[in-house]
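Work through these exercises with the model open beside you. Try each task before you read its solution.

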Amino acid sequence: MRFTEIAIDTGSRKIIDITDKVREFCRDQGDGLCLVFAPHATAGLALMETGSGSESDLEDTLERLFPHKDIYKHRHGSVGHGANHILPVFVSPSLTVAVRKGLPVLGTWQSIVFVDMNADNPHRRVQCSFVGSPQ
Amino acid sequence: MRFTEIAIDTGSRKIIDITDKVREFCRDQGDGLCLVFAPHATAGLALMETGSGSESDLEDTLERLFPHKDIYKHRHGSVGHGANHILPVFVSPSLTVAVRKGLPVLGTWQSIVFVDMNADNPHRRVQCSFVGSPQ
Amino acid sequence: MRFTEIAIDTGSRKIIDITDKVREFCRDQGDGLCLVFAPHATAGLALMETGSGSESDLEDTLERLFPHKDIYKHRHGSVGHGANHILPVFVSPSLTVAVRKGLPVLGTWQSIVFVDMNADNPHRRVQCSFVGSPQ
């Protein structure tokens with residue numbers, strides 16, 4: 001199975017477009033499925049349009065649904081850190097895309113984004129696994 | 001890799017059962033994984049029971065969580081259109097099901113539904129990709 | 001395709017760690033993708049950290065987002081049962097993980113959990129399907 005791990009420096013960003021990095025990995029593959037995976041307990045992956053304001057809307061929505069307030073029983077981290085541990089239940093860190101002739105099959109307006117409301121850790125990883133279609 | 005694209009006329013419907021169309025695609029396959037994928041930035045796919053009122057409950061829930069109000073920074077479309085761009089982050093357009101002997105493996109009460117709160121575009125597509133298990 | 005069905009006795013628990021059971025299934029496989037799937041209309045699967053309070057936080061969050069109140073049109077079950085049918089739209093019953101040398105590829109703090117707010121049925125099932133990478 002073809003496998004790679006991609007380093008992501010989130011810095012202060014919470015929604016990071018990783019489409020180009022996935023595309024680069026897929027370029028060497030043929031036809032099959034690519035699992036894009038974030039091996040973290042406080043991050044997720046999603047498909048969305050980027051560059052038209054939706055990243056900011058998503059940050060607002062996540063804060064509205066999973067507020068960083070003192071309402072969590074999670075025992076570690078700063079106040080409200082429990083919210084970061086709820087995020088991957090709703091924004092899964094496991095995302096599968098089809099690959100045809102080395103190209104991830106995405107709609108015109110779809111980008112693959114890394115979603116991470118946890119500002120405490122700017123160094124993250126994404127893993128890509130490719131399983132080809134048998135001939 | 002076996003691949004097909006299915007046209008969906010949503011009309012004014014927001015939750016559309018596409019199980020039969022996926023089943024039809026899988027009938028020609030053997031054992032493996034089928035990726036069902038919506039190549040749109042404002043639609044998602046889900047597994048749910050249909051025909052008992054839950055479609056209506058889902059519409060209400062989506063409107064409650066992602067209201068079509070003037071609270072989004074997304075720059076295009078009508079007021080509240082930003083909500084449609086948030087939906088696929090929480091209701092992913094990527095859904096994988098197992099296939100055994102040409103049948104998608106689903107529970108008795110599970111249907112595959114296309115979820116689309118965007119009333120502006122009644123013509124949609126769903127792609128099915130099948131990767132068989134090597135012998 | 002390697003396939004197994006795992007019985008889960010949820011009892012009164014709503015978040016059940018099934019990582020060890022998935023690990024056991026994967027142990028006999030090589031490299032490839034494992035689809036973990038709950039064939040139920042009121043359950044989902046997720047990746048999260050367990051043992052630090054987040055299970056309880058998730059229960060609270062689910063009740064906040066999908067309250068068990070008399071607001072659903074779903075026709076069966078007790079008051080608020082409609083909420084259980086909305087859950088799998090947001091916490092999908094379909095979860096794919098990579099497998100390398102018989103080990104599911106998970107981050108240090110990630111566990112696979114079965115999520116089920118429906119207390120009426122303590123006997124549940126999870127299916128694992130493995131598709132290997134062709135040589």
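The exercises below go from one chain to its partners, then to single residues.

This is a predicted model: local features need pLDDT of at least 70, side-chain atom pairs count only at pLDDT 80 or more, and totals for chains, interfaces and linings use all residues. Residues are numbered from 1 along each chain as its sequence is written, while chains are lettered from A and ligands numbered from 1 in the order in which they are written.

**Exercise 1. The fold of chain A**

Task: list the secondary structure of chain A in order, then describe its overall dimensions.

Solution.
- Step 1. Find the elements. Helices (H or I, at least four residues) and strands (E, at least two) are DSSP runs, numbered from the N terminus.
- Step 2. Count them. Chain A has three helices and eight strands.
- Step 3. Read along the sequence. The order is β-β-α-β-β-α-α-β-β-β-β.
- Step 4. Judge compactness. The radius of gyration of chain A is 16 Å, close to the 14 Å from the globule rule for 135 residues, so chain A is as compact as a globular protein of that length. The radius is taken over C-alpha atoms, and the rule is 2.2 Å times the number of residues to the power 0.38.
- Step 5. Take the span. Along its principal axes, the C-alpha trace of chain A covers about 55 × 30 × 25 Å.
- Step 6. Look at burial. A residue is buried if 20 or more other C-beta atoms lie within 10 Å of its own, exposed if 12 or fewer, and partly exposed in between; C-beta atoms are placed from the backbone. In chain A, 53% of the 135 residues are buried.

**Exercise 2. Symmetry**

Task: find what relation links chain A to chain B.

Solution.
- Step 1. Superpose the copies by least squares on the C-alpha atoms of residues with pLDDT of at least 70 in both.
- Step 2. Lay chain A on chain B. A turn of 120° with a shift of 0.0 Å along the axis does it, at an RMSD of 0.0 Å.
- Step 3. Name the relation. It is that of a three-fold axis.
- Step 4. Try chain C. A rotation of 120° and 0.0 Å of shift along its axis put chain A on chain C, with an RMSD of 0.0 Å.

**Exercise 3. Two sides of chain A**

Task: say which element gives the most to the side of chain A that touches chain C, and which gives the largest share to the side that touches chain B.

Solution.
- Step 1. Set the cut-off. Two residues are in contact if their C-beta atoms, placed from the backbone, lie within 7 Å.
- Step 2. Take chain C. Here 30 residues of chain A contact 31 residues of chain C. Helix 3 of chain A gives the most to this side, six residues.
- Step 3. Sort this side by class. It has 17 nonpolar, 11 polar and two charged residues. Ala, Val, Leu, Ile, Met, Phe, Trp, Tyr, Cys and Pro count as nonpolar, Asp, Glu, Lys and Arg as charged, and the others, Gly among them, as polar.
- Step 4. Take chain B. Here 31 residues of chain A contact 30 residues of chain B. Helix 2 of chain A supplies the largest share, six residues.
- Step 5. Sort again. The side touching chain B has 16 nonpolar, 11 polar and four charged residues.

**Exercise 4. The faces of a helix**

Task: decide which residues of helix 1 of chain C are buried and which exposed residues its opposite face carries.

Solution.
- Step 1. Locate helix 1 of chain C at residues 19-26; C:Val22, C:Phe25 and C:Cys26 are buried there.
- Step 2. Look down the axis. The buried residues of helix 1 of chain C fall within an arc of 95°, so they line one face. The arc is that of the directions from the helix axis to the C-beta atoms.
- Step 3. Turn to the other face. It carries exposed C:Asp20 and C:Glu24.

**Exercise 5. Two residues of one helix**

Task: find what B:Leu62 and B:Glu55 touch.

Solution.
- Step 1. Place B:Leu62 in helix 2 (residues 54-65) of chain B. B:Glu55 is in helix 2 of chain B.
- Step 2. Check burial. B:Leu62 counts as buried because it has 25 C-beta neighbours inside 10 Å. B:Glu55 is buried too, with 23 other C-beta atoms within 10 Å.
- Step 3. Leave aside neighbours within four places in sequence. B:Leu62 contacts B:Leu87 and B:Met117. B:Glu55 contacts B:Ile15 and B:Thr50.
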